[in-house]
Amino acid sequence: MGASAPAPLLEGLRVLDLSSGPAGGLATMVLADFGADVLKVEPPGGDRFRSLAASPVWLRGKRSLALDLRSEGDRARLHELARDAAVAVASFRPGSAERLAADPAALRALNDGLIYCSITGFGPDGPYARYPGYEQVVAAKSGRMLIFEGSVPREGPVYAAVQLGTHVASQSAVQGILAALLARERTGSGQLVETSLLRGYIPFDIAGLTIQHLRGRHPDRFPPPPPRLFGRLPVVGYNPVPTSDGEWIQLASIVEHLFHAFIAAAELGEIYADPRFEGAPYIVDDEAKEALREIVYARTLSRKTQEWMRVFVENGNVAAEPWRSTEQALDHPQIVHTGDVITLDSAAHGPMRQLGPVARLPETPGRPAATRPEVDEHRGEGWRPRSDIPLAPAARRGAARAAEARGPLDGVTVLEFASVVAVPYACTLLADLGARVIKLETLAGDSFRLMGNPGVGDMRGLGAIKMTASKESIALDLKAEAGRRIAQQLIERADVLIHNFRPGAPERLGIGYEQARPLNPRLVYVSATGYGIDGPYAHRPTAHPAPGAALGGAYLQAGGIAHPVAPDDFPAMSEEARRMQQANEISPDPNASAVVATAALLGLMAQRLRGTGQHVQCNMMGANAYANHDDFVDYAGKPERPHADPDLLGLSALYRLYRAAPPGGDGAGPSWLFLAVTTEREWEALAGAPGLEALAADARFATEEGRAAHDRELSAALASLLARRTADEWERLLTDRDVAGVRADAREPGLFWDSDPHVEAAGLTVEADHPIWGPYRRHAPLLRFAGTPEKPGPGMLGGQHARAILAELGYDEGEVEGLYQQGVVVTLDY
């Protein structure tokens, strides 16, 4: 007989899921996938978001108990369950949990070991805390809809379609829970952990806050932003290109050698003989740049998409993916190979293709269950045998302890071998929780340190401030024996190693998994790659626009259609490519960051529970499948993914953008309101608002069915009525009635994070001190811990900490100077 499979990683972890909808649902799904006993407590009638197409996925592996928490008897049942739970996850708006005796104070009074994770829309503090926390309400208020302005031929903000706040908040919740479990091992106590959809939008503001803040302090060095900050076509080789079958391929040549690989694969080598294209792809002259773009378009129009993809895959160095919908992405050969899509049989729906585990942990794999509970299916059941995972047996009882000064990941050392955004920002997330992160850079430093930023003249590397925050850095030559020895010494002492190299590169540098494991058998070794470590696409490079196109997020943001363009109309093709590129912005990188941090913490949990390390694997394609969770599923009868209208205003009359009166009086352009009404109670409150009474009097809109049947007429009626007040006036009036109506054009994201009053009141930025720029404000961490406070630090320079790190490893001053003189180690001034 073969050896039995190891017990699931989180077997025995009791999780009380009090949340509603996908943010908490996805978080507890990840815990259930890795063996946690998740009991979903939902109101009589069930979680109202069960109607969503993807709900069978985020309900998997759980049990359901319906409780009416307004009832004393059902509250008593909740408290009984809480006494023996390890974790509670909730999504109550501020004040609601207290009325139901389901708040952290009430539940933790019964069980000091309980980790209570709260996920809200805008956080528990600040003027927007009580606003309904729907995804697009948060996106509108935080300025995200302004980054797509210009992607349709109209003025104003554009509906933000992909549920990025939900994605990041759900992964943050998993990270917060796992970090709090690790901290509980040290402190013996649980704690309150908080995140929000608004914090979930922090990763996508790469440098906006930094630029905005430094522009105020150094106006001479930071020119005003260009009239159109977003939506310009990038360099040739980093944009969509048309093919002969009317489709588009997204090129993602983030570095120069990938551009040259594309030129070779496309057999366009003659461009190098043309003096106009000297220095390509970095051509300064706009006319020459567009001339090269036209040549590229003419060439890609000579073949069909699949013909080009065969060429690019065979070449191995071309970063490119076809534009696809999320449902089409379920068939991507690499995603199928890596198990990022799996098929499980459902009693209700039959075979269902859906998200695989969030990461591959070979020694402690996730095993998603096919079961999906009906509402109250498990009434009368309690917790499964075994009271808790063996982290801190004493944590379940005893007096509460004072908050520690140390972060939840204090004592954990992480080595980062990575560049640009996806993995570096994941490591910043871990560093912000108190882990010691040592970034090992090349002698030239992380390439992102020298990449330009829009609107700052010749200033470069400001995005890297965020990606290097809270870390230490050593820049060394891993091709030199002495450099490899330094890396090996650090590996011997580390808990986690994370890299983003393509397969084969770590081995050539002496840091592959099989090379690292003998040095440190307990090492959590995380390969966070573009496509995975094996499979038909594993050898290929990628960068953020490619998974954005391949996984359907960009397709959804662009409205779900590609406008037909005549193959001889270059200006029209260029405009369509610009529109598509604007829809395919930076988000795929931070989407991956969130998953990489989760993968590392799952590996760290396995290390602490099982005493062993392993080769943890995750990739950008799978991470962006999670970001598109709402459509990354296929089953008989599945509803179609809703797409915005052609003007990209929104999904329906009651979930869209509206023009409101000008904010500055006559002659000014309109202000913009985003309205979200999803329940009958919200409709009644809207229709009873001053100035909107005509809605209630119209028989066509009296029922939900009537409003759906007359959606066009309802849109027209609302457009007429809402144009009579400014968006700010409507926001005050509607939110006072508990209706989600928020101004969507007040501040673009950088300005929002720099100066919005809610940001300050909620503590969403903190002061830091950069070695070049001095005091500046950075975003707060994505999580807030009540008992083991997070540790946000500043960005740093390449190699800034080399001398201190080498001294710690036992090198004396003479040996350190020798390493500098030999060029093995450098300290950079950027």
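1. Let's start with two helices that cross. In this predicted model, helix H10 passes helix H12 in a right-handed crossing. H10 covers residues 256–265, and its axis comes within 10 Å of the H12 axis, the two crossing at roughly 125°. The pair is therefore described as oblique, since an angle has to be over 145 degrees to count as roughly antiparallel and 65 to 115 to count as roughly perpendicular.

2. Which residues meet where H10 and H12 touch? From H10 come Ala-261, Phe-262 and Ala-265, and from H12 come Trp-308, Val-311, Phe-312 and Asn-315. Sorted by class, this contact has six nonpolar residues and one polar residue, with no charged ones.

3. H12 also leads you to a sheet. The helix, residues 305–315, lies across strands S8 and S9 and runs at about 155° to S9. These two strands belong to an open sheet of three strands, ordered S7-S8-S9 and paired in the antiparallel sense. S7 (240–242) and S9 (320–322) are the edge strands, each pairing on one side only. On average, neighbouring strands here are turned by 30° against each other, direction ignored.

4. For a closer look at that sheet, follow S8 (residues 248–251), which is joined to S9 by three bridges in the antiparallel sense. One pair to find on screen is Gln-250 with its bridge partner in S9, Glu-321.

5. Further along the chain there is another open sheet, this one with seven strands in the order S17-S16-S15-S12-S13-S14-S25 and with mixed pairing. S17 (614–619) and S25 (825–826) have a single partner strand each, so one side of each is left without a neighbour in the sheet. As a reminder, strands of a sheet pair through backbone hydrogen bonds, either parallel or antiparallel. Within this sheet, S15 (residues 496–499) and S16 (residues 524–529) run parallel and are joined by four bridges; Val-496 has Val-524 of S16 as its bridge partner.

6. The same sheet order includes S13 and S14, and a salt bridge connects residues of these strands. Glu-472 pairs with Arg-436, and their closest N and O atoms are 2.8 Å apart. Glu-472 sits in S14 (residues 472–476) and Arg-436 in S13 (residues 436–441), so to speak distant parts of the chain, 36 residues apart. How many salt bridges does the structure hold? The count is 53.

7. A second helix pair is worth a visit. H15 (residues 422–432) and H23 (residues 588–610) have axes that come within 8 Å and cross at roughly 50°, which makes H15 oblique to H23. Their crossing is right-handed. H15 contributes Ala-422, Tyr-425, Ala-426, Leu-429 and Leu-430, while the H23 side includes Asp-589, Ser-593 and Leu-601. By class, the contact has 10 nonpolar residues, one polar and one charged.

8. Finally, two backbone details deserve a look. Most residues other than glycine have a negative phi, and most peptide bonds are trans. Ala-101 is not a glycine, yet it has a positive phi of about 55°; this residue is in the loop between H4 (96–99) and H5 (104–110). Ala-280 and Pro-281 are joined by a cis peptide bond, with omega about 10°. Pro-281 lies in the loop between H10 and H11 (286–300), which brings you back to the helix in the opening point.

Key
Residues numbered from 1 in each chain as written. Predicted model: local features only at pLDDT ≥ 70, side-chain atom pairs only at ≥ 80, totals over all residues. Heavy atoms only, no water. Pairing = 2+ DSSP bridges. Axes fitted to C-alpha atoms, helices over the stretch in contact; angles between N-to-C directions. Contact = heavy atoms within 4.5 Å. Parallel < 35°, antiparallel > 145°, perpendicular 65-115°, else oblique. Left-handed = near helix turned anticlockwise from the far one by under 90°. Nonpolar A, V, L, I, M, F, W, Y, C, P; charged D, E, K, R; others polar. Salt bridge = Lys/Arg side-chain N within 4 Å of Asp/Glu carboxyl O.
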